[in-house]
Amino acid sequence: MRKFQFLTFLLLLVLVGCQAKNKKEQQVYGIGFYNLENLFDTTHDEGKNDYEFMPEGTFKWDAEKYKCKLHNMARVLADMGTDKLPEVGCAAIGVAEVENAKCLTDLCNQPALKARNFKFVHIEGPDQRGIDCALLYNPQLFKVNHVKLVPYIYNRPEDAGRATRGFLVVSGTMAKEHVTIIVNHLPSRGAPSYAREDGGSQLRVVKDSLQKDDPKVKLFIMGDMNDDPNDASMAKCLGARREISEVEEGGLYNPWWNMLASGQGTLQFQGSWNLFDQIILSSNLLNKSGKEDYSTLKLFDYQVFRRDYLIQQEGAYRGNTLRTTAGGKWLNGYSDHLPTLVYLKKN
């Protein structure tokens with residue numbers, strides 16, 4: 001009897017050990033991007049045209065609206081990645097349209113993000129409205145080693161004196177590998193197409209420089225590109241390919257190209273979806289030729305992040321994104337963009 005009990009105990013130990021080993025071997029990481037659509041505080045930043053987002057401004061932006069905006073943004077950011085990583089969420093999330101470090105501090109202090117000890121990386125940029133890019137991250141999953149802001153350069157004489165968001169380059173360690181995330185927000189559709197094409201070319205220069213320094217670096221180029229994957233800025237100037245089979249060594253893959261073709265997008269204009277919010281990956285993050293080798297970090301899935309609460313459920317704009325304000329009316333919504341996510345796996 002004792003011998004049987006002992007053998008049973010040994011069998012249980014083996015089973016528990018196997019489960020622990022399998023769990024350890026199944027490391028999954030989520031990386032996301034979200035345009036927060038005008039996360040401003042209620043005070044003026046000197047030298048910035050932020051007057052719309054003040055109590056006396058166009059949006060009558062007061063402490064209560066700011067509080068609601070912070071709560072809503074934190075809800076989305078905390079939910080991102082939980083489809084595959086419940087109670088964990090993303091390791092890192094690039095964000096756009098954040099006014100300053102105070103907004104990011106207030107955002108990370110929201111209960112939903114504070115529970116995961118989220119931190120942020122931010123460098124104040126020259127944008128005339130005062131909006132910047134930043135990176136939120138879970139320090140248990142992503143360690144930041146180096147940060148710099150590469151300026152966006154206007155190349156044409158007619159644009160002299162203009163300034164916009166730069167390229168936030170964050171190098172760090174994830175899953176014991178060198179990972180660099182570039183967060184950007186290219187000029188809007190109010191600017192000529194060459195402004196975004198120049199941005200794509202400049203991103204390519206940043207990419208090449210990073211790969212020259214370390215050919216093994218895993219690169220994520222993310223942001224609100226204000227162009228679709230098939231537009232010249234992304235497809236030609238940056239050189240991000242539609243199919244994995246087309247990606248050369250050191251090249252880039254844009255998974256959102258086919259997703260847009262399937263009818264999915266991240267924002268609507270006149271009833272049609274665009275997919276401006278992209279996360280583009282370097283070739284060493286891909287499994288090619290049908291192989292499934294996860295001995296190093298590799299892409300295994302991606303998604304446009306949707307929740308019912310992010311979408312208008314009734315009225316003339318049913319099915320569109322539920323914004324904070326629209327037509328001058330306070331909606332207590334979220335953003336005019338939906339987030340995007342990529343998932344990485346490593347054995």
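1. A disulfide is here a pair of cysteine sulfur atoms within 2.5 Å. The model is a predicted one, and a search of the whole structure finds zero such pairs. C90 is in no disulfide; its nearest cysteine sulfur, that of C108, is 13 Å away. For C108 the closest cysteine sulfur is in C103, and at 11 Å that is too far for a bond. C90 is buried, with a relative accessible area of 0%. C108 also counts as buried, at 7% relative accessibility.

2. The six-stranded sheet. This sheet is open, has mixed pairing, and follows the order β3-β4-β2-β1-β17-β14. Its edges are β3 (119-122) and β14 (298-304), each of which pairs on one side only. Neighbouring strands are turned against each other by 20 degrees on average, direction ignored.

3. The β3 edge. β3 pairs with β4 (residues 132-137) in the antiparallel sense, over four bridges. Within this part of the sheet, K119 has Y137 in β4 as its bridge partner.

4. Helix α2 (residues 63-79) packs on the six-stranded sheet. The strands touched by α2 are β1 (27-39), β2 (92-98) and β4, and the direction of the helix makes about 155 degrees with that of β1.

5. Helix α3 (residues 101-108) lies across β1, β2, β3 and β4 and runs at about 165 degrees to β3. At the N-terminal end of α3, N100 acts as the cap: a side-chain oxygen of N100 lies 3.2 Å from the backbone nitrogen of K102.

6. Which residues of α3 are buried? They are C103, L104, L107 and C108. These residues cover an arc of only 130 degrees around the axis, so they lie on the same side of α3. The cover over them includes strands β1, β2, β3 and β4, together with helices α2 and α4 (111-114). Two of the cysteines discussed in point 1, C103 and C108, are thus among the buried residues of this helix.

7. Is strand β17 (residues 340-346) enclosed or open to the outside? Seven of its seven residues are buried, so β17 is largely enclosed by the rest of the structure. T340, V342, L344 and K346 point one way from the strand, while L341, Y343 and K345 point the other way. Two lysines, K345 and K346, are included among these buried residues.

8. Partners of β17. On one side, β17 pairs with β1 in the antiparallel sense over seven bridges, and G32 stands opposite L341. β14 also pairs with β17 in the antiparallel sense, over six bridges; there the bridge partner of D301 is Y343.

9. The seven-stranded sheet. A further open sheet, again with mixed pairing, has the order β5-β6-β7-β8-β13-β10-β9. The edge strands are β5 (143-150) and β9 (240-241), each pairing on one side only. Inside this sheet, β8 (residues 218-224) and β13 (residues 277-282) run antiparallel and are joined by five bridges. F220 stands opposite L281 in β13.

10. Helix α5 (residues 193-213) lies across six strands of point 9: β5, β6 (167-174), β7 (177-185), β8, β10 (252-253) and β13. The angle between α5 and β6 is about 35 degrees.

How values were computed: Residues are numbered from 1 along each chain as its sequence is written. This is a predicted model: local features need pLDDT of at least 70, side-chain atom pairs count only at pLDDT 80 or more; totals for chains, interfaces and linings use all residues. Side-chain values use heavy atoms; hydrogens and water are left out. Two strands pair if DSSP finds at least two bridges between them. Axes are lines fitted to C-alpha atoms, for helices over the stretch in contact, and angles run from 0 to 180 degrees between N-to-C directions. Contact means heavy atoms within 4.5 Å. Buried means under 20% relative accessible area, exposed over 50%, partly exposed in between (1.4 Å probe, protein chains only). The arc is that of the directions from the helix axis to the C-beta atoms. A polar contact is a pair of N or O atoms within 3.5 Å; within protein, one must be able to donate a hydrogen and the other to accept it, and residues adjacent in sequence count only if both atoms are side-chain atoms.
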